[in-house]
Amino acid sequence: MQKHFFIWDNPRDAVIWITLMLLAIGCINVFSASFVEATDMFGDGYFYLKRYVAFAAVGFAVMLYLGLRGPDYHLWLSKHWLNVIYFSVLLLLIAVDTVGVTTKGAQRWLYIGPFSLQPSELAKLAVIMVCAGELGKRLKKHLRPALFDYPGNKTMVMALIYGALVLKQPDMGTAAIVVALSVGMYILAGLPLRMLLLLMAGGFVGVVGLIAIAPYRLQRVLVWYDPWSDPSNAGYQMVQSLISIGSGGVLGVPWGQGSGKFFYLPEAHTDFAFAIYCQEWGFGGAVFLIFLFALLGIALFRMAAACRDEEGFMLISGVTLLVVGQAAANMLMVCGCLPVIGVPLSFISYGGTSMVVSLTALGLALSVYKAEVKREKREELLRDAGMPPIMPTSDLRRRGWRK
């Protein structure tokens, strides 16, 4: 495996330490963005912070277990476990539609005692694992994915079923991410260009149709184009987000004194946490945060590029799309470059299910790295003994699909 990534000895250490830094920033930002609302609603300014820390601790423990001590990742990508994971999440999504709790006009949560569970976040990880297992197995047989060749299109069908159930909640943003994750992994697996163009055309028609049949979605698109056309109603959230970001200047206002969280900016500690962060840490802080996510993405890319197992390569690629891609989408949304689609900022936004899912996903990526290191050590011992390697170099690597 590749060594010496940036200031760390290897990409694995980089992922762990960058994640810790992001969690530390998240703790600071969630407390600052939420203490006003937490005091008003619960009489405890630390309410959201305490829950954030609890979920982060659980998620980080799962990440370390999977990445350092857990079983080989092929276990989770076996047909048995993929079926268990897929149908378990499917049942949870159906349960949301029947017994889920409605909050702010959307039925997206299941309550288990004092905690809430958002199955749509679990759907993202389930899609990644199913795609990694199924597409990875096809790549080992030198088969590219296909849209019209069952079972070659099985994973896309599964993702579309998830997407339809999430869309019904309604949550078009998360549904789009669930489907986009599968499309991204199909592309990385070598989806032919003509099929990609056909898929994009179908997706465009579908999105336009969904926007046309729901007036509030069309309004979101129009407000995204010009939020100042209706700054006190439909464009209020985006306008307040831009005001918060702009008022931060280069170095930001004193920590804790950003005005956005004082009931000006809705969802200040969840979907729009980046706006509060920019207001209190300024342009310099925003650049640093983007730099950390870029480093995390590059570290994961290094791990994927060095992986010689197709399933492992697909798994790390999917995790990168989820954690780093979702973070990029959130920051673009908060800055007005994308419509408001309700995407959390990985580790910085408050959200227990999203936090645990993201950390679990990174743990699976680290598990792939762990298996590659063990394989290299075994092959080194065999070479020293004058014996052939256990696993030959992948045909995909010989074709130059990846280094």
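A residue is called buried when its relative accessible area is under 20%, exposed when that area is over 50%, and partly exposed in between. The exercises below apply this cut-off and others to a predicted model.

**Exercise 1. Decide whether V343 is buried or exposed, and describe its surroundings.**

Solution. Begin with the accessibility: V343 has a relative accessibility of 0%, and therefore it counts as buried. Next, place the residue in the chain, where V343 belongs to the loop between α12 (310–334) and α13. Then list what V343 touches when neighbours within four places in sequence are left aside: the contacts are I177, D271, Q326, N330 and M333. Finally, set V343 beside S78, which is 265 residues away in sequence and, from C-alpha to C-alpha, 30 Å away in space.

**Exercise 2. Apply the same reasoning to V183, and find which residues it contacts.**

Solution. The relative accessibility of V183 is 19%, and because buried means under 20%, V183 counts as buried. The residue sits in helix α7 (residues 172–188). Apart from neighbours within four places in sequence, V183 is in contact with M156 and L199. For M156, the separation from V183 is 27 residues along the sequence, while the two C-alpha atoms are 7.6 Å apart.

**Exercise 3. Check the length of α2 and of α10 against the expected span, and state what their buried residues pack against.**

Solution. Take α2 (47–69) first: with 23 residues at 1.5 Å a residue, the helix should span 33 Å, and its end C-alpha atoms lie 32 Å apart, so the two values agree. Its buried residues are Y48, L49, R51, Y52, F55, A56, G59, F60, M63, L66 and G67, and these pack against α1 (11–42), α3 (73–76), β3 (115–117) and α13.

Turn then to α10 (236–247), whose 12 residues should span 16 Å at 1.5 Å a residue; the end C-alpha atoms are 16 Å apart, which agrees. The buried residues of α10 are Q237, M238, V239, Q240, S241 and S244, and their packing partners are α11 and α12. Just after α10 comes G249, which takes a positive phi of about 60°.

**Exercise 4. Find the residues with the most contacts inside the largest nonpolar core, and follow one of them outward.**

Solution. The core contains 105 residues, and those with the most contacts inside it are V15, Y162, F274, L289, F293 and F347. Among the elements, helix α11 (residues 273–306) gives the most to this core, with 15 residues. Now follow L289, which touches L22, I25, F274, Y277, L345 and I348 when residues up to four places away in sequence are not counted. As background, nonpolar side chains tend to be buried together in soluble globular proteins.

**Exercise 5. Describe the second largest pocket and the largest cavity by volume and lining.**

Solution. For the pocket, start from the volume: the second largest pocket holds about 350 Å³ of space. Its lining consists of 17 residues, of which I85, L122, L125, M129 and T360 lie nearest the centre. Two or more of the lining residues come from each of α2 (47–69), α4 (79–99), α5 (119–140) and α13 (352–384), and the largest share, 6 residues, is given by α4. Sorted by class, the lining has 15 nonpolar residues, 2 polar and no charged.

For the cavity, the count of those with 30 Å³ or more comes to 1, and the largest cavity has a volume of about 60 Å³. Its lining is made up of P344, L345, S346, F347, S349, Y350, G351, S354, M355 and S358, which divide into 5 nonpolar, 5 polar and no charged residues.

**Exercise 6. Examine the backbone at P170, H142 and E267.**

Solution. The starting point is that most residues other than glycine have a negative phi, and most peptide bonds are trans. Against this background, the peptide bond from Q169 to P170 is cis, with omega near 0°, and P170 lies in the loop between α6 (154–167) and α7. H142, which is not a glycine, has a positive phi of about 65°; this residue lies in the loop between α5 and α6 and is partly exposed, with a relative accessible area of 45%. E267 also has a positive phi, near 60°, and is located in the loop between α10 and α11; since its relative accessibility is 22%, E267 counts as partly exposed.

Note on methods:
Residues numbered from 1 in each chain as written. Predicted model: local features only at pLDDT ≥ 70, side-chain atom pairs only at ≥ 80, totals over all residues. Heavy atoms only, no water. 1 Å grid on protein atoms, 1.4 Å probe; cavity = no way out; pocket = protein on both sides within 12 Å on 5 of 7 lines; lining within 4 Å. Points joined across faces, edges and corners; volume = space filled by probe spheres on them. Helix = DSSP H or I, 4+ residues; strand = E, 2+ residues; numbered from the N terminus. Nonpolar A, V, L, I, M, F, W, Y, C, P; charged D, E, K, R; others polar. Expected span 1.5 Å × (residues − 1). Buried < 20%, exposed > 50% of the residue type's maximum accessible area, 1.4 Å probe, protein only. Contact = heavy atoms within 4.5 Å. Core = buried A, V, L, I, M, F, W, Y, C linked by side-chain atoms within 4.5 Å.
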